[in-house]
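Reader: I am new to reading protein models. Could you walk me through this one, feature by feature?

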Amino acid sequence: MIVILCASLSASLSAFEYQKPCDAMPAGSEFLGLLVVLRHFVDAQRAGRCVDPLSIRAAEPCLRSEAIAAYFDDLARGGLIHRGETGGWSLVRSLDSTDLLHVYQHSGYRLPLNPDEQVAAAGIELPPELMSALTRLAHSLDATLGTRLDKVYPVRTSPAPSRQVSHTQESET
């Protein structure tokens, strides 16, 4: 019984992954985490090697193992990565044949509204060109979604069109 208890305890401890709150990705930064993982695939493709989740976990302490697994799933669902015969993962698309919109459409994450602050808070590093694109996007979203509601829901000058009820609907009531 002691052996079984020790084995259970050992398995439980190895499955537990503690991460200090200051080391974790801030809530709402999930898309940035996906881009960090994608950067590892880009670097690996350029070096002619594969990627595995453990190497990303070791290189990116702010990303939890389950988040990395979810990012791998997102990228695979988007047709961007594939597991090779040796077990390693690699990009299956050339960088000039896809875009950020494709990556975003195959993820369920929110766009970062303050990418510079979120990257700094997470302690992650992304290429300056990518950060510039994300910052422009955030400014565009702010300018568009920052429109006051009285401007997008103007006062109607004519009465709202009345709905005509069909004879079948009248007989049902």
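Reader: Let me start with arginine 64. Is arginine 64 buried, partly exposed or exposed?

Author: This is a predicted model, so keep that in mind throughout. Buried means under 20% relative accessible area, and exposed means over 50%. Arginine 64 has a relative accessible area of 28%, so it is partly exposed.

Reader: Which residue forms a salt bridge with arginine 64?

Author: Start with the general idea. Side chains of opposite charge can pair when their charged atoms come close. Here the partner is glutamate 66. The closest N and O atoms of the two are 2.7 Å apart. Glutamate 66 is partly exposed too, because its relative accessible area is 49%.

Reader: How many salt bridges does the count come to?

Author: Four. One of them joins the side chains of arginine 39 and glutamate 60, at 2.8 Å from N to O. Arginine 39 lies in helix H2, and glutamate 60 in the loop between helix H3 (53-59) and H4, so this pair ties together parts that are 21 residues apart in sequence.

Reader: Is glutamate 60 buried or exposed?

Author: Buried. Its relative accessible area is 8%, which is why glutamate 60 gets that label.

Reader: Where can I find a salt bridge with both partners in helix H4?

Author: Look at aspartate 74 and arginine 77. They form a salt bridge, and their closest N and O atoms are 2.4 Å apart. Both lie in helix H4, three residues apart, which is about one turn of the helix. Now compare the labels. Aspartate 74 has a relative accessible area of 8%, so it is buried. Arginine 77 has 52%, so it is exposed.

Reader: Back to helix H2. What does histidine 40 touch?

Author: Place it first. Histidine 40 is in helix H2. Its relative accessible area is 17%, so histidine 40 is buried. Now leave out residues up to four places away in sequence. Histidine 40 then touches Val51, Ile56, Ala59 and Glu60. Glutamate 60 is also the salt-bridge partner of arginine 39. A polar contact of 3.4 Å joins the side chains of histidine 40 and arginine 39.

Reader: What is the largest nonpolar core made of?

Author: The general idea is short. In soluble globular proteins, nonpolar side chains tend to be buried together. Here the largest nonpolar core has 32 residues. Phe41, Leu63 and Phe72 have the most contacts inside it. The elements that give two or more residues to this core are helix H2 (30-47), helix H4 (65-77), strand S2 (89-91), helix H6 (115-122) and helix H7 (128-145). H2 gives the most, with ten residues.

Reader: Where is there a nonpolar patch on the surface?

Author: Leu149, Val152 and Tyr153 form one. Together they have about 370 Å² of accessible area. Tyrosine 153 sits in the loop between helix H8 (149-152) and helix H9 (167-172). At 65% relative accessibility, tyrosine 153 counts as exposed.

Reader: How do I spot residues that are far apart in the chain but meet in space?

Author: Read two things: the gap in sequence and the distance in the model. Take proline 26, in the loop between helix H1 (2-15) and H2. Its C-alpha atom is 7.2 Å from that of alanine 121, and the two are 95 residues apart along the chain. Leave aside neighbours within four places in sequence. Proline 26 is then in contact with Gln118, Ala121 and Ala122. Its relative accessible area is 26%, so proline 26 is partly exposed.

Reader: What about serine 94?

Author: Serine 94 is in the loop between S2 and helix H5 (100-105). Serine 94 and valine 42 are 52 residues apart in sequence, and their C-alpha atoms are 9.3 Å apart. A polar contact of 2.5 Å joins the side chains of serine 94 and aspartate 96. Serine 94 is partly exposed, with a relative accessible area of 36%.

Reader: Now the whole protein. How many helices and strands does it have?

Author: Nine helices and two strands. From the N terminus the elements run α-α-α-α-β-β-α-α-α-α-α. Of the 173 residues, 29% count as buried. The protein exposes about 12100 Å², and carbon and sulfur atoms supply 59% of that. Finally, take the contacts with a separation of 6 or more. Residues 24 or more positions apart account for 63% of them.

Notes:
Residues are numbered from 1 along each chain as its sequence is written. This is a predicted model: local features need pLDDT of at least 70, side-chain atom pairs count only at pLDDT 80 or more; totals for chains, interfaces and linings use all residues. Side-chain values use heavy atoms; hydrogens and water are left out. Patches are made of residues with over 30% relative accessible area and no salt bridge: like charges are joined within 9 Å, nonpolar side chains (Val, Leu, Ile, Met, Phe, Trp, Tyr) within 5 Å. Accessible areas come from the Shrake-Rupley method with a 1.4 Å probe; for residues, only the protein chains shown count as cover. Helices (H or I, at least four residues) and strands (E, at least two) are DSSP runs, numbered from the N terminus. Buried means under 20% relative accessible area, exposed over 50%, partly exposed in between (1.4 Å probe, protein chains only). A nonpolar core is a set of buried Ala, Val, Leu, Ile, Met, Phe, Trp, Tyr and Cys residues joined through side-chain atoms within 4.5 Å. Contact means heavy atoms within 4.5 Å. A polar contact is a pair of N or O atoms within 3.5 Å; within protein, one must be able to donate a hydrogen and the other to accept it, and residues adjacent in sequence count only if both atoms are side-chain atoms.
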